[in-house]
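Reader: I am new to this structure and would be grateful for a guided reading of its surface and its charged pairs.

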Amino acid sequence: MDPEREDAAIIRVTQVDFLAQLAALIDAYDSDGDGWLTEEDWQRIEDDLQKAG
């Protein structure tokens, strides 16, 4: 095996996994609990993504 070669791991995300993660994200950022994200909620998501990136 070539020591300079990097092997990538492929992770399969099912639709159920994706929807569960999306629901958890909405729950975490939904400030008023109505299931809809406001402009302020989206701004918090953008800010957190910039901090993480």
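**Surface patch and salt bridges**

Author: In this predicted model, Ile 11, Val 13, Phe 18, Leu 19, Leu 22 and Leu 25 make a nonpolar surface patch of about 560 Å².

Reader: In which helix is the place of Leu 25, and is Leu 25 buried, partly exposed or exposed?

Author: Leu 25 belongs to helix α1, which covers residues 15–29. Its relative accessible area is 32%. Partly exposed lies between the 20% and 50% limits, so Leu 25 is partly exposed.

Reader: How many salt bridges does a search of the whole structure find?

Author: Side chains of opposite charge can pair when their charged atoms come close. One such pair is Arg 44 with Asp 41, and another is Lys 51 with Asp 48. The number of salt bridges found in the whole structure is 2.

Reader: How far apart are the closest N and O atoms of Arg 44 and Asp 41?

Author: Both residues lie in helix α2 (residues 39–52), 3 residues apart, which is about one turn of the helix. A salt bridge requires the nitrogen to be within 4 Å of the carboxyl oxygen. Arg 44 and Asp 41 form a salt bridge, with their closest N and O atoms separated by 3.4 Å.

Reader: Is Asp 41 buried or exposed?

Author: Its partner Arg 44 is partly exposed, at 36% relative accessible area. For Asp 41 the relative accessibility is 1%. Buried means under 20%, so Asp 41 counts as buried.

Definitions and conventions. Residues are numbered from 1 along each chain as its sequence is written. This is a predicted model: local features need pLDDT of at least 70, side-chain atom pairs count only at pLDDT 80 or more; totals for chains, interfaces and linings use all residues. Side-chain values use heavy atoms; hydrogens and water are left out. A salt bridge is a side-chain nitrogen of Lys or Arg within 4 Å of a carboxyl oxygen of Asp or Glu. Helices (H or I, at least four residues) and strands (E, at least two) are DSSP runs, numbered from the N terminus. Buried means under 20% relative accessible area, exposed over 50%, partly exposed in between (1.4 Å probe, protein chains only). Patches are made of residues with over 30% relative accessible area and no salt bridge: like charges are joined within 9 Å, nonpolar side chains (Val, Leu, Ile, Met, Phe, Trp, Tyr) within 5 Å. Accessible areas come from the Shrake-Rupley method with a 1.4 Å probe; for residues, only the protein chains shown count as cover.
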